[in-house]
Amino acid sequence: MTDIFVDGDACPVKDEIYAVGARLGLAVIVVANQRIHVPKDLGVEMIVVEAGPDAADDWIAEEIRESDVVVTADIPLAARCLEVGAFALGTNGREFTSESIGGALATREIKAHVRETGVMTGGPSPLSNRDRSRFSNMLDQVVHRAMRTR
């Protein structure tokens, strides 16, 4: 069975993930450094890991299996999940693939370098209802693809 793993720290689309997981009858595992309210009646499990910059990422990378799905804004975590044959979706609805992950990692490094030089960069824009709908549709597509490969 395909599971959906959520990098829960600062994930803006948790409700959309819960809805897709419930509709398809899939387990949703939210992993974070602190307890986050999750709906127990929808089959959502909350995993609290120790404090640390990559503790949640490490837990997900160790537990995720081929044909599972991870939702994360963390590009290195997405890369680690792709290595085991899992599917990875950004919180913006962009799917990470083996073809796109190298470019995403390189762009991440360039942006980090720019920030280190003191250039002020804005964070991501708030998600609109249209963005949330697009994310839900993409998650549904990715999960169905993952289920077919299982």
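**Close-up views of a predicted model**

**View 1. Val-6 and its surroundings in strand β1.** Val-6 has its place in strand β1 of this predicted model. With a relative accessibility of 0%, Val-6 counts as buried. When neighbours within four places in sequence are set aside, the contacts of Val-6 are Cys-11, Lys-14, Ile-17, Val-28, Ile-29, Val-30, Val-31, Ile-60 and Val-71. One of these partners, Val-28, is separated from Val-6 by 22 residues in sequence, whereas the C-alpha to C-alpha separation in space is 7.3 Å.

**View 2. Strand β1 and its two partner strands.** Strand β1 comprises residues 4–7; Ile-4 and Val-6 point one way from it, Phe-5 and Asp-7 point the other way, and all are buried. Four bridges pair β1 in the parallel sense with strand β2, residues 28–32. Within this pairing, Val-31 of β2 is the bridge partner of Asp-7. The chain passes from β1 to β2 through helix α1 (residues 14–24), and the resulting β-α-β crossover is right-handed. Strand β4 (residues 69–71) also runs parallel to β1, to which it is joined by three bridges. Here Val-69 in β4 stands opposite Ile-4.

**View 3. The six-stranded sheet and helix α5.** In general, the strands of a sheet pair through backbone hydrogen bonds, in either a parallel or an antiparallel arrangement. In this model, six strands form an open sheet with mixed pairing, in the order β3-β2-β1-β4-β5-β6. Strands β3 and β6 (95–96) are the edge strands, and each pairs on one side only. The pairing of β2 with β3 is parallel and extends over five bridges; Ile-47 in β3 stands opposite Val-31. Helix α5 packs on the sheet, where it touches β1, β4, β5 and β6, and its direction makes about 175 degrees with that of β5.

**View 4. The nonpolar cores.** The largest nonpolar core contains 26 residues, and Ile-4, Ile-17, Val-28, Val-30 and Leu-139 have the most contacts inside it. At least two residues of this core come from each of β1, α1, β2, β3 (44–48), β4, β5 (87–89) and α5 (129–149). The greatest contribution is that of α5, with six residues. Leu-139 touches Glu-16, Ile-17, Val-20, Val-69, Val-71 and Leu-89, residues up to four places away in sequence not being counted. A second core, separate from the first, has 21 residues, including Phe-5, Val-49, Val-70 and Phe-96.

**View 5. The buried residues of helix α2.** The buried residues in α2 include Ala-55, Ala-56, Asp-57, Ile-60 and Ala-61. The packing partners of the buried residues of α2 are β1, β2, β4 and α3 (75–83). At the level of single residues, Ile-60 is among the contacts of Val-6.

**View 6. Ser-67 in the loop before β4.** Ser-67 lies in the loop between α2 (55–63) and β4. Its relative accessible area is 2%, so Ser-67 is buried. The phi angle of Ser-67 is near 75 degrees, a positive value in a residue other than glycine. A polar contact of 2.7 Å links the side chain of Ser-67 with that of Thr-149. Not counting residues up to four places away in sequence, Ser-67 touches Thr-2, Gly-85, Ala-86, Phe-87, Ala-146, Thr-149 and Arg-150.

**View 7. Ala-10 in the loop after β1.** Ala-10 is located in the loop between β1 and α1. Ala-10 is not a glycine, yet its phi is positive, at about 65 degrees. The relative accessible area of Ala-10 is 76%, and therefore this residue is exposed. Ser-67 likewise has a positive phi, but Ser-67 is buried.

Terms used
Residues are numbered from 1 along each chain as its sequence is written. This is a predicted model: local features need pLDDT of at least 70, side-chain atom pairs count only at pLDDT 80 or more; totals for chains, interfaces and linings use all residues. Side-chain values use heavy atoms; hydrogens and water are left out. Buried means under 20% relative accessible area, exposed over 50%, partly exposed in between (1.4 Å probe, protein chains only). Two strands pair if DSSP finds at least two bridges between them. A crossover is right-handed if, with the strands pointing away from the viewer, the path from the first strand over the helix to the second runs clockwise. A nonpolar core is a set of buried Ala, Val, Leu, Ile, Met, Phe, Trp, Tyr and Cys residues joined through side-chain atoms within 4.5 Å. Contact means heavy atoms within 4.5 Å. A polar contact is a pair of N or O atoms within 3.5 Å; within protein, one must be able to donate a hydrogen and the other to accept it, and residues adjacent in sequence count only if both atoms are side-chain atoms. Axes are lines fitted to C-alpha atoms, for helices over the stretch in contact, and angles run from 0 to 180 degrees between N-to-C directions.
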